[in-house]
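Q: Hey, I'm new to this one and would like a quick tour. Can you pull it up so we can go through it together?

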Amino acid sequence: MWKKISFNVKITSVLRGSDKMNLPNYKEAMKRNKKYDTVTYSIDKELLNKYSGKKYFLKTYGCQMNEHDSENIKAMLEELGFIETDDYEKSDLVLLNTCSIRENAHNKAFGMLGRLKHLKESNPDLIVGICGCMAQEEGVVKSILNDYKWINFVMGTHNIYRLPYILDQAIETNNQEIEVFSKEGDLVESIPVKRDNGFKAWVNIIYGCDKFCTYCIVPYTRGGERSRKKEDILNEIKTLKELGYKEVTLLGQNVNAYGKDLYSDYGLGELLEEVAKMGIPRITFMTSHPWDFTDKMIDVIAKYPNIMPYIHLPLQSGSSKILKLMGRRYTKESYLELFDKMKKKIPNVSISTDIIVGFPGETEEDFNETLEVANYCKYDNAFTFIYSPRENTPAAKLKDDVSLEEKERRLYLLNDTVNKYFLENNKKLEGKAVDVLVCGLSEKKKDNYYGYTFNNKLINFTGNTKIGDIVKVKVTSAKTWSLDGEICE
Ligand code: SAH
Ligand code: SF4
Ligand code: F3S
């Protein structure tokens, strides 16, 4: 049994730098530290297995950064003795690792909180925690303080390594613990990790984002750009290789900025090259901003056969006017120049993108330019979004002047345009044999497998193999979102 929960609100005062208290504060979050240290994670012995046998349920929203943070969170909870469950109704601890990127990400998390409130009414011993990007939002934390007093703890993105202490404190004191640093602190190495599988791994190379695109909340929720030391990254990948991992994704909100804060002559191109030489069968990276995509990076991707010919290159808009309002630092023309260079230099490269419709001031003409670029680029995949104003961002102060109906119409038209190229590109693979990393059993057909091609295309296939292997698969038919095939060797 936990101790009885009371609803006192206490704000832990963990002093950090000039931060006065640990509630999120956007003014602080906008500042950028020039200096930070790298420190090593450790946990007090008294906490190890202290909660042995208790069950936890962790729900992750948002991007790969959050997915990977969740792998760290799981490992820390298991150090405390917790066991994972996929049934939140039967768990002792429910933790939501949240995302702020668009309104609907918020709604999903708040919807889940509604269900948890009910659950907590019938089970007052349930511990509920919130972490991730929403925890960094002033508005969200205010609303938790006022209206969600039953939530046991809130932990920001900059201090996930403090989870064992924050959680323990919340349980021991019965108080609502809120520990959110507005600004990033030191870079913490060696946080334990429970990876989702034994063949594909995420590896953080850089944290935060300094781009401040006007619509985006990430630079406030994730702090300034901080690169991990190359030795730490290479050591992690060396271990992954020894463990038999087949694919490594170098992760960051803006991986192209890797190294700029640490080195004068070592960036993502150099890092990719060193990783490629280590011999992991598949290497990829995510996400790259078109702004600092260098020729060196393109050359390295083209040169090494184990770097996947797959690049996610967010466009956001095809109108230079809107790109300027978005603060994207490139024009339609410079984007297309980069795109053409990639297509020319990297054989069979697949390029995917992100596009936002309905940004303030987007006219029919601006939108048509987006369609033109989409028709020119014939992307292999595209993630399309309706603009969603985010708290405290510069764009949220602009008049949101495109009606919802019009935004929906544009999204529909855009999807219609991009989807036909997914099919067209996939059709080119029919009859060909492609390398596939086997990722699991297909949900639809029990004896089928699914996996990803070397160009990161989803494929369902039949044949004898095992999860985690790389096999040759003949593509038998192409669909818009996936391929079908059969193992050919
Ligand atoms: N760092 C990545 C983006 C991460 S967010 C990059 O710059 O490429 C993923 C995508 O969400 C963005 O590319 C953008 O298309 C979308 N997005 C971000 N903020 C948004 C907002 N306020 N409304 C709608 N879509 C948004
Ligand atoms: Fe957001 Fe722009 Fe940074 Fe991407 S590069 S995370 S869109 S601010
Ligand atoms: Fe969402 Fe935060 Fe990622 S806002 S997209 S979880 S960095």
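Q: To start with, which residues in α11 meet α12?
A: Before we dig in, keep in mind that this is a predicted model. On the α11 side you have K332, Y335, L336, F339 and D340. They meet E369, E372, V373, Y376 and C377 of α12.

Q: What's the mix there, in terms of nonpolar, polar and charged?
A: The contact of α11 with α12 has six nonpolar residues and four charged ones, with no polar ones.

Q: And at what angle do the axes of α11 and α12 cross?
A: Roughly 10 degrees, with the axes coming within 12 Å. For orientation, α11 covers residues 332-345 and α12 covers 364-377. Angles under 35 degrees count as roughly parallel, so α11 and α12 are roughly parallel to each other.

Q: OK, going just past α11: where is N348 found?
A: N348 is in the loop that runs between α11 and β16, the strand at 350-357. Its phi is near 55 degrees, which is a positive value in a residue other than glycine.

Q: Is N348 buried or exposed?
A: Exposed, because its relative accessibility is 68% and the cut-off for exposed is over 50%.

Q: Which other loop residue has a positive phi although it is not a glycine?
A: N456 is one, with a phi of about 70 degrees. You'll find N456 in the loop between β19 (449-453) and β20 (458-462). N456 has 26% relative accessibility, so it counts as partly exposed.

Q: Switching topic: how do α8 and α9 pack?
A: Helix α8, residues 268-277, packs with α9 at an angle of about 15 degrees, and their axes are 8 Å apart. That angle is why α8 counts as roughly parallel to α9. The crossing of this pair is left-handed.

Q: Which residues meet between α8 and α9?
A: From α8 it's L268, G269, E270, L272 and E273, and from α9 it's K296, M297, V300, I301 and K303. Sorted by type, the α8 and α9 contact has five nonpolar residues, one polar and four charged.

Q: While we're at α9, where does D295 sit, buried or exposed?
A: In between: D295 counts as partly exposed because its relative accessibility is 39%. D295 belongs to helix α9. Its C-alpha is separated by 9.3 Å from that of L338, and those two residues are 43 apart along the chain.

Q: What's the peptide bond from M286 to T287 like, cis or trans?
A: It's cis, with omega near -5 degrees. T287 is in the loop between β14 (282-286) and α9 (295-303).

Q: Now α2 and α5. At what angle do they pack?
A: About 55 degrees, with axes 10 Å apart; α2 is residues 64-79 and α5 is residues 163-173. That makes α2 oblique to α5. The way α2 passes α5 is a right-handed crossing.

Q: Which residues meet there?
A: I73, M76 and L77 of α2 meet L163, P164 and L167 of α5. The residues in this contact are six nonpolar, with no polar and no charged ones.

Q: Which residues of α5 are buried?
A: L163, P164, I166, L167, D168, A170 and I171.

Q: And what covers them?
A: The cover includes α2 along with strands β5 (93-98), β6 (127-132), β7 (153-155) and β8 (176-179). Just after α5 comes N174, which takes a positive phi of about 65 degrees.

Q: How many disulfides are there?
A: Zero, going by a search of the whole structure.

Q: What about C63 and C209, then: buried or exposed?
A: C63 is partly exposed, because its relative accessible area is 27%. C209 is buried, with a relative accessible area of 9%.

Q: Last one: where does E486 lie, and what does E486 touch?
A: E486 lies in strand β22, residues 483-487. Leaving out residues up to four places away in sequence, E486 touches F461, T462, K472, V473, K474 and T476. With a relative accessible area of 39%, E486 is partly exposed. The C-alpha atoms of E486 and Q253 are separated by 36 Å, and these residues are 233 apart along the chain.

Definitions and conventions
Residues are numbered from 1 along each chain as its sequence is written. Chains are lettered from A and ligands numbered from 1 in the order in which they are written. This is a predicted model: local features need pLDDT of at least 70, side-chain atom pairs count only at pLDDT 80 or more; totals for chains, interfaces and linings use all residues. Side-chain values use heavy atoms; hydrogens and water are left out. A disulfide is a pair of cysteine sulfur atoms within 2.5 Å. Buried means under 20% relative accessible area, exposed over 50%, partly exposed in between (1.4 Å probe, protein chains only). Axes are lines fitted to C-alpha atoms, for helices over the stretch in contact, and angles run from 0 to 180 degrees between N-to-C directions. Helices (H or I, at least four residues) and strands (E, at least two) are DSSP runs, numbered from the N terminus. Angles under 35 degrees count as roughly parallel, over 145 as roughly antiparallel, 65 to 115 as roughly perpendicular and the rest as oblique. A crossing is left-handed if the near helix is turned anticlockwise from the far one by less than a right angle, and right-handed if clockwise. Contact means heavy atoms within 4.5 Å. Ala, Val, Leu, Ile, Met, Phe, Trp, Tyr, Cys and Pro count as nonpolar, Asp, Glu, Lys and Arg as charged, and the others, Gly among them, as polar.
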